[in-house]
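Subject: Structure for you to look at

Dear colleague,

I am passing on the structure we spoke about, and below it you will find my notes on what turned up when I went through it. Please read them with the coordinates open beside you.

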Amino acid sequence: MTTHDSLHDDIKEILVRNLRTTSGRTPEYASKNDWYQALALTVREKVYGSMDYVMGRLRKPDGRLVAYLSAEFLLGPHLRNHILNLNLRPAVEAAMAALGLDLEQILDQEEEPGLGNGGLGRLAACFLDSLATLGIPAKGYGIRYEFGIFDQQIRNGAQVEVTDKWLKHGNPWEIPHPEIAFTVGFGGHTENVQNESGRLRTRWVPNWVVNGVAYDTPMTGYRSPSAALLRLWKAEAVESFDFAAFNSGDYYRAVHDKITSENISKVLYPNDDAPEGKRLRLEQQYFFVSCTLQDLIRVNMALKNPLTQFHKKFAVQLNDTHPSVAVAELMRLFVDVHGMEWDESWNIVRETFGYTNHTLMPEALEKWPVGLFGSLLPRHLEIIYEINRRFIADVRRDHPGDEDLVRRVSLIDEGGERYVRMAHLAAVGSRAINGVAQLHTDLLKKDVLRDFHYLMPEKIVNITNGVTPRRFVASANPGLAALISEAIGDSWILRSEQELPRLAPFASDAGFRARWKEVKTRNKRRLAGLILDRTGVTVNPDSLFDVQVKRIHEYKRQHLNALHVLRRYLDLKDNPRLSPVPRTFVFGGKAAPGYFMAKLMIRFINAVADTVNHDPATRDTYRVVFFPDFNVKYGEAIYPAAELSEQISTAGKEASGTGNMKFTLNGALTIGTLDGANVEIRDAVGHDHFFLFGKTAPEVDALWRAGYNPRRFYEADPRLSEVLDFVSSGFLSPHDRGLFRPLVDTLLYRDPFLVMADFAAYVDAQDAVNQTYADPSLWGEKSILNVAGAGRFSSDRSIRDYAREIWKIKLT
């Protein structure tokens, strides 16, 4: 018997045992979900063996744990990824086949964990994958949200938010640890007390407390003995049931503490338009940060490492500003709880944290009203005041008389209502600040964090984002992965930056290009079936698949894309003798529930789709699809099928983007602006293999300084004015002809993201797309060269950069 046969028999035996013990059913009566749960537990047994390796590394004198703090982790389904990483696919397929089961049908049963929304959370998940693959001891820390952000349904063209009950069938990957729980306080007051040695100390007396309970999920590395751990915190009441209140007939008060406490981990990103929502978001952020830092101190003590050496054992990375209250919390734990001196504590804190900035928009830099912050975290506000007092004293000493500089860098915004500036707290309290693309980092230094760069010129570094090629190519696109491996070997899965360039010579091989196209066509047919199933729209797999899937936001300019679709529609209506390249335009993404314009953009896209898809003059040439509830699971079908990647944000607004990288790694060509990582992608794949358009970031600034008048572009370009007049006519919304008036008025009179200014260049670039796609050999060559140049956008490269530049961890 071969090793493969032995493993498949072993898996089959464990699988049937798990089925009986978890669902209480025999194979003949088991549902597909029963089989999924049993298979997940079977694979999980193989996964947890990797955790011993991690602890062994951490116990070494030079061992250091990376703690990655993020408000969201957009993980995607686990099972397929673990099977790939552990090299179990042949054995699992054989075991399932022996039981008369289709593995793909069982894999499809998995509910995607509702722990994230967009690129921020997906980046965190990619980083855990790479940390595990590279063997770096690591834990991701976040919140175990009971409900995700929302499931998106489209009704009458509009987004409808539905509760994301991702835990309704349980989660076989997590293991609860009620023995790992920490108390977290809120509200109350502080008081000065003498400690045992007679020294004056501050004690925080909170009004109410909750417990944070750990739930662990392993994250395997690819062909690696290591695994990372995702530890999520669930909020629970310290006392969940008031028996006295129940006996007195006050049934609501009997469970009041339980309801109030559990609200903290109830839902991802509660709507913060109302004061209650703002308060809950701050509660969430402090809750998971406090649990995490208490946990790290617990581990530090278990390792018998003195707290004075805490920074040498732990590197804590703040994924954007959401966890930045950690700076104040670690100071509180060191000074108030463990009796350390301020200066020593502050030196350790500044060597512990790294801060990743993810935005160039000042309004997205989180800040909290001082009144709200102080009412919820009074001790932390005192600590922030003291950090700020010392910081601005240093600024005044080094830059005497420059009170405007002091005002700009202060941790407290004193203009009008006072605010705590969380990005400033993270910047002052971290050993390094990093941007996530070279352009983004340059603009941080020049604009958003200009003053901090002036004060600390070595502190801001660039680490360009990356994505894992395991999930997004090897797993999601097995046909392409097999073809690449046949050509250059399979080491590209681990060494994509070094190995994928070897693919470039195959771009001139006609036979290889033909096989490349066959893979893409199969992926397009698969997506066409999924589109039909999800939307009822039939699309042509032989058309150009033009895709824009990402969070809906004005700066990402989905409305520019939709206006271009209307331009093509009107051109064909005006001249039926045209023979344009057939296209399927695919949109997808969620709008924040309170973001009026983004939700109107979804209605606009669906109105365009309804018009184009039902017009006999155009429906055989163009199809428009809004793919509902876009997530990682659906992305794994969309990225491999895409041929044109729409990366069309206003230059200077997108920090990096990672969807652009996923598309490129799967052979899509990009049409885009010089924004975020697009700049580096274009340089890597070759300028001739990227459809560039639009104003650059300096040109955008110059246009605003000169007094941007969007209506001037409308009046000067009949292609644009005809499209906007068509929208204004109400043709797209006959039952509410003024529906899209706010969209048109915004473009004509404000246009904050320069849709009007870039429209003509965008249409011209799309003409170039058509000309290139009309030559299949040329398009195939460019597609192969895009993949060959995309290797540096692996998250493995990103993590190596973090290890070298910020965490100071030596890789084995």
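I begin with a cluster in which Y68, F127, Y802 and W807 are linked by ring pairs. Please keep in mind throughout that this is a predicted model, and that the values below are computed from it.

Aromatic pairs

The count of aromatic pairs comes to 27. One of them joins Y68 and F127, whose ring centres are 5.8 Å apart and whose planes stand at 80°, so this pair is edge-to-face. Because Y68 belongs to strand β1 (residues 65–69) and F127 to helix α7 (residues 119–133), the pair ties together parts that are 59 residues apart in sequence. Y68 is buried, with a relative accessible area of 1%, and F127 likewise counts as buried at 1% relative accessibility.

A further pair is formed by Y569 and F726, and here the geometry is tilted, with 6.2 Å from centre to centre and 50° between the planes. Y569 sits in helix α24 (residues 558–574) and F726 in helix α31 (residues 718–728), so that parts 157 residues apart in sequence are tied together by this pair. Y569 and F726 are both buried.

Two rings also have a charged side chain over them. K524 lies over the face of F545, at 5.0 Å from the ring centre, while the charged end of R712 is placed over the ring of F713, 4.8 Å from its centre.

Nonpolar cores

Which residues have the most contacts inside the largest nonpolar core? They are F287, F373 and W807, in a core of 122 residues. Helix α10 (residues 275–302) gives the most to this core, contributing 11 residues. If residues up to four places away in sequence are not counted, F287 touches V184, F186, V210, N211, G212, W233, K234, A235 and I264. Apart from the largest core lies another, of 65 residues, which has A562, A609, F726 and L743 among them.

L743 appears again in helix α32 (residues 741–749), where the buried residues are L743, V744, T746, L747 and L748. The elements that cover these buried residues of α32 include α24, α25, α30 (710–716), α31 and α33 (755–773). Just after α32, D751 takes a positive phi of about 45°, and you may wish to look at that residue on the display.

Strands

Is strand β19 (residues 622–627) largely enclosed or largely open? Of its 6 residues, 6 are buried, so β19 is largely enclosed by the rest of the structure. Y622, V624 and F626 point one way from β19, whereas R623, V625 and F627 point the other way, and all of them are buried. Strand β18 (residues 583–588) runs parallel to β19 and is joined to it by 6 bridges; within this pairing, R583 has Y622 of β19 as its bridge partner. Together with helix α25 (residues 596–614), β18 and β19 make a right-handed β-α-β unit.

Elsewhere, 3 strands form an open sheet in the order β12-β14-β13, with antiparallel pairing. Its edge strands are β12 (367–369) and β13 (412–413), each of which pairs on one side only. β12 is joined to strand β14 (residues 419–421) by 3 bridges, and the partner of K367 in β14 is R421.

Two single residues

V47 is located in helix α2 (residues 32–47) and counts as buried at 0% relative accessibility. Leaving aside neighbours within four places in sequence, V47 is in contact with H82, L86, P218 and T220. From V47 to H453 the separation is 406 residues in sequence and 43 Å in space, C-alpha to C-alpha.

S345, in helix α13 (residues 342–352), is buried with a relative accessible area of 0%. Not counting residues up to four places away in sequence, S345 touches M331, F334, V335 and M340.

With best regards

Note on methods. Residues are numbered from 1 along each chain as its sequence is written. This is a predicted model: local features need pLDDT of at least 70, side-chain atom pairs count only at pLDDT 80 or more; totals for chains, interfaces and linings use all residues. Side-chain values use heavy atoms; hydrogens and water are left out. Rings of Phe, Tyr and Trp (its six-membered ring) pair if their centres lie within 6.5 Å; planes under 30 degrees apart count as stacked, over 60 as edge-to-face and the rest as tilted. Helices (H or I, at least four residues) and strands (E, at least two) are DSSP runs, numbered from the N terminus. Buried means under 20% relative accessible area, exposed over 50%, partly exposed in between (1.4 Å probe, protein chains only). A charge sits over a ring if NZ of Lys or CZ of Arg is within 6 Å of the ring centre and within 35 degrees of the ring normal. Two strands pair if DSSP finds at least two bridges between them. A crossover is right-handed if, with the strands pointing away from the viewer, the path from the first strand over the helix to the second runs clockwise. Contact means heavy atoms within 4.5 Å. A nonpolar core is a set of buried Ala, Val, Leu, Ile, Met, Phe, Trp, Tyr and Cys residues joined through side-chain atoms within 4.5 Å.
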